[in-house]
Amino acid sequence: MSVLGIAGWSGSGKTTLLTRLLPLLRSRGLRVATLKHAHHSFDVDLPGKDSYVHRKAGAGEVIISSARRWVQMHEIGEDGREATLPELLARLSPCDLVLVEGFKRERYPKIEVFRSALGKPPLYAQDELIVAIASDPLLSATPLPCAHLDDIPAVADLVVAKARPIDAVLETLVASVG
């Protein structure tokens, strides 16, 4: 199992890039999991559905299962502690590649999604764990490998080449905390 982050400023197109990468990576025979960080409260179940009713009634954890999929929701409440990236990575089922969207301040390998139109500086100058860049337009001044955001095969090649084994990623993450 290998891990690579997709990081960038809000509005840079991280989710769009991921949704374009996933079908191509899957067509290359890779089993890919994604892990997304949210900066706010969110719901994945709908009001009126049993899972929502269970959670709102006070269940600390809800698992919904069918013949096609299962999902686990863990309620931490207002005073709970947000799960760390290592804790979340440890919960994943075996796969070939984990793409992590967000957690841009964590110390793990990432590809930066950069759009000059946002008017924000590139992140790679302050984060030595950014290992490649997908940008629009291409950045010529960077020493890092760079692919155009619309060249999905080239970005996929960077993702596969720059992803790191999960054990090495966990070791770096744990070392940065302690």
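## Two crossing helices and the strands around them

Let's start with a pair of helices: α1 (residues 14-27) and α4 (residues 152-162) have axes that come within 10 Å and cross at roughly 80 degrees. Angles of 65 to 115 degrees count as roughly perpendicular, so α1 is described as roughly perpendicular to α4. On the α1 side, the contact is made by Leu-17, Arg-20, Leu-21, Leu-24 and Leu-25. On the α4 side, the residues are Ile-152, Pro-153, Val-155, Ala-156, Val-159 and Val-160. Sort these contact residues by character and you get 10 nonpolar, no polar and 1 charged. Keep in mind as you read on that this is a predicted model.

Stay with α4 for a moment. Which of its residues are buried? They are Ile-152, Val-155, Ala-156, Leu-158 and Val-159. These buried residues lie on the same side of α4, because they cover an arc of only 160 degrees around the axis. A general rule helps here: an α-helix has 3.6 residues a turn, so residues three or four places apart point the same way. And what covers the buried residues of α4? The cover includes helix α1 together with the strands β1 (2-7), β5 (97-101), β6 (110-115), β7 (130-136) and β8 (146-148).

One of those covering strands, β6, makes a good next stop. Strand β6 is itself mostly covered, with 5 of its 6 residues buried. It pairs with β1, running parallel, through 3 bridges. In this pairing, Ala-7 has Glu-112 of β6 as its bridge partner. Strand β6 also runs parallel to β7, and here 6 bridges join the two. You can find one place where they meet by looking for Lys-110, which stands opposite Ile-130 in β7.

Following β7 along, you come to Val-131, which has its place in this strand. Is Val-131 buried or exposed? Its relative accessibility is 17%, and buried means under 20%, so Val-131 counts as buried. Leaving aside neighbours within four places in sequence, Val-131 is in contact with Leu-4, Pro-109, Lys-110, Leu-144, Pro-145 and Lys-162. The C-alpha atoms of Val-131 and Ser-2 are 14 Å apart in space, while the two residues are 129 apart in sequence.

Now look at the loop between β7 and β8, where Pro-137 is found. A cis peptide bond joins Asp-136 and Pro-137, with omega about 5 degrees. Another backbone feature belongs to Phe-103, in the loop between β5 and β6. Phe-103 has a positive phi of about 50 degrees although it is not a glycine. To put both features in context, most residues other than glycine have a negative phi, and most peptide bonds are trans. Phe-103 also counts as buried, because its relative accessibility is 10%.

Let's turn to strand β2 (residues 32-36), which has two contrasting faces. Ala-33 and Leu-35 form its covered face, whereas Val-32, Thr-34 and Lys-36 form the uncovered one. In a regular strand the side chains alternate between the two faces of the sheet. Strand β2 pairs with β5 in the parallel sense over 5 bridges, and the bridge partner of Lys-36 in β5 is Glu-101.

The loop between α3 and β5 is the place of Cys-95. With 10% relative accessibility, Cys-95 counts as buried and therefore falls below the 20% cut-off. Cys-95 touches Met-1, Arg-31 and Ala-33, not counting residues up to four places away in sequence. How far apart are the C-alpha atoms of Cys-95 and Arg-31? They are separated by 5.2 Å, with the two residues 64 apart along the chain.

For an antiparallel pairing, find β3 (residues 61-65) and β4 (residues 70-74), which are joined by 5 bridges. A hairpin connects β3 to β4 through 4 residues, and Ile-64 stands opposite Val-71 in β4.

Our last stop is Asp-79, in the loop between β4 and α3 (85-90). Asp-79 counts as exposed, because its relative accessibility is 80%. From C-alpha to C-alpha, Asp-79 and Lys-14 are 29 Å apart in space, and they are 65 residues apart in sequence.

Note on methods: Residues numbered from 1 in each chain as written. Predicted model: local features only at pLDDT ≥ 70, side-chain atom pairs only at ≥ 80, totals over all residues. Heavy atoms only, no water. Axes fitted to C-alpha atoms, helices over the stretch in contact; angles between N-to-C directions. Parallel < 35°, antiparallel > 145°, perpendicular 65-115°, else oblique. Contact = heavy atoms within 4.5 Å. Nonpolar A, V, L, I, M, F, W, Y, C, P; charged D, E, K, R; others polar. Buried < 20%, exposed > 50% of the residue type's maximum accessible area, 1.4 Å probe, protein only. Arc of directions from axis to C-beta. Pairing = 2+ DSSP bridges.
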